[in-house]
Amino acid sequence: MTPATPALRLAVFDLDGTLVDSVHMIVAAMTDGFAALDLPAPDPAKVRRIIGLPLEIAISRLEPSLDPAACGHVAESYKGAFAALRAAGEGGEALFPDVARTLAALDAAGWLLAIATSKSMRGLTATLANFGLAHHFVTLRTADHGPAKPAPDMLLSALHETGVDAGDAIMIGDTTYDMEMARAARVAAIGVGWGYHPVEDLRATGAAAIAPSMSALPALAEDVVMRRMAS
């Protein structure tokens with residue numbers, strides 16, 4: 001008897017706070033963005049909480065009094081400041097420990113890899129090129145492709161593009177927006193313990209497990225998928 005072909009499996013990663021530590025650049029760029037309208041710098045702790053949302057929504061949460069036009073102006077200033085920081089090599093954007101090794105291990109284990117981020121495609125491709133990671137991912141989903149987190153659209157699009165069933169996919173992220181997106185798409189989610197939202201918030205919004213380190217992800221992903229198949 002010919003053995004059955006193994007089901008395709010998909011691991012979808014968030015970017016900022018999961019693969020890349022960019023909080024210092026985001027806070028610095030947001031400060032510049034607000035300064036463009038002579039607004040005081042937002043509280044860094046509040047900026048940390050809105051990482052993962054589409055940019056203009058994030059800005060409106062930081063300063064609810066801004067109208068859409070003002071949010072757009074801040075957003076454009078933010079983008080320019082972030083690009084300038086990257087070009088100057090400033091701001092401290094860095095990979096979290098063991099990212100490259102973990103992605104290679106998932107590749108070797110047969111996982112398809114993807115990214116779902118509220119960053120623009122321009123920003124995402126620049127980050128991946130900077131760290132030499134682009135070759136790991138079969139599909140990239142960004143805010144440019146339609147409704148962003150916590151809407152399920154980016155995950156559903158990645159599933160459709162790769163032909164993977166929701167039951168054979170995992171969303172890996174550091175924010176409640178990642179967990180909510182996964183739940184809406186009926187995809188299991190793994191929260192990470194090194195990102196920008198508290199672990200207890202990730203559990204409360206649907207994380208099936210919490211990864212204590214990047215290197216723990218391959219075994220944890222296998223466990224989550226197997227438990228879901230058995231349930």
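1. Let's start with Arg 49. In this predicted model, Arg 49 has a relative accessible area of 35%, so it is partly exposed. Its salt-bridge partner is Asp 201, with the closest N and O atoms 3.2 Å apart. Asp 201 is partly exposed too, at 25%. Now look at where the two sit: Arg 49 belongs to helix α2 (residues 44-50) and Asp 201 to helix α9, so this bridge ties together parts that are 152 residues apart in sequence.

2. How many salt bridges are there? The count comes to 10. If you're wondering about the general idea, side chains of opposite charge can pair when their charged atoms come close. Another one to find on screen is Asp 98 with Arg 101, where the closest N and O atoms are 2.8 Å apart. The two partners fall into separate classes: Asp 98 counts as partly exposed at 31% relative accessibility, while Arg 101 counts as exposed at 62%.

3. Next, try Arg 141 and Glu 161, whose side chains meet in a salt bridge at 3.2 Å, N to O. This pair links distant parts of the chain, with Arg 141 in strand β5 (residues 139-141) and Glu 161 in helix α7 (residues 153-162), 20 residues apart. Is Arg 141 buried or exposed? Its relative accessibility is 13%, and the cut-off for buried is under 20%, so Arg 141 counts as buried. Glu 161, at 46%, counts as partly exposed. There is also a small network to look up: Asp 14, Lys 149 and Asp 178 are joined by salt bridges that share partners.

4. Don't skip the rings. Searching the whole structure turns up two aromatic pairs. In one of them, Phe 96 and Trp 194 have ring centres 6.4 Å apart and planes at 55°, so the pair is tilted. Phe 96 is in the loop between β3 and α5 (99-108), whereas Trp 194 is in the loop between β7 (188-192) and α9 (199-204), and the two are 98 residues apart. Phe 96 counts as buried, with 11% relative accessibility. Trp 194 counts as buried as well, at 18%.

5. Glu 93 deserves a look of its own. You'll find Glu 93 in the loop between α4 (68-88) and β3 (94-95). Its relative accessibility is 14%, so this charged residue's label is buried. What does its side chain make a polar contact with? The partner is the side chain of Thr 127, at 3.5 Å. Leaving aside residues up to four places away in sequence, Glu 93 touches several others, including Val 20, Met 25, Phe 82, Arg 86 and Phe 131.

6. Now zoom out to the sheet. Six strands make an open sheet in the order β5-β4-β1-β6-β7-β8, with parallel pairing. Which strands are at the edges? They are β5 and β8 (209-211), each of which pairs on one side only. From one strand to the next, the twist averages 25°.

7. For a detail at one end of that sheet, check β7 and β8, which run parallel and are joined by three bridges. Gly 191 has Ile 210 in β8 as its bridge partner. Over by β5, helix α6 (residues 121-131) lies across β4 (111-116) and β5, and runs at about 135° to β5.

Technical notes
Residues numbered from 1 in each chain as written. Predicted model: local features only at pLDDT ≥ 70, side-chain atom pairs only at ≥ 80, totals over all residues. Heavy atoms only, no water. Helix = DSSP H or I, 4+ residues; strand = E, 2+ residues; numbered from the N terminus. Buried < 20%, exposed > 50% of the residue type's maximum accessible area, 1.4 Å probe, protein only. Polar contact = N/O pair within 3.5 Å; in protein donor to acceptor, adjacent residues only side chain to side chain. Contact = heavy atoms within 4.5 Å. Phe/Tyr/Trp six-rings, centres within 6.5 Å; stacked < 30°, edge-to-face > 60°. Salt bridge = Lys/Arg side-chain N within 4 Å of Asp/Glu carboxyl O. Pairing = 2+ DSSP bridges. Axes fitted to C-alpha atoms, helices over the stretch in contact; angles between N-to-C directions.
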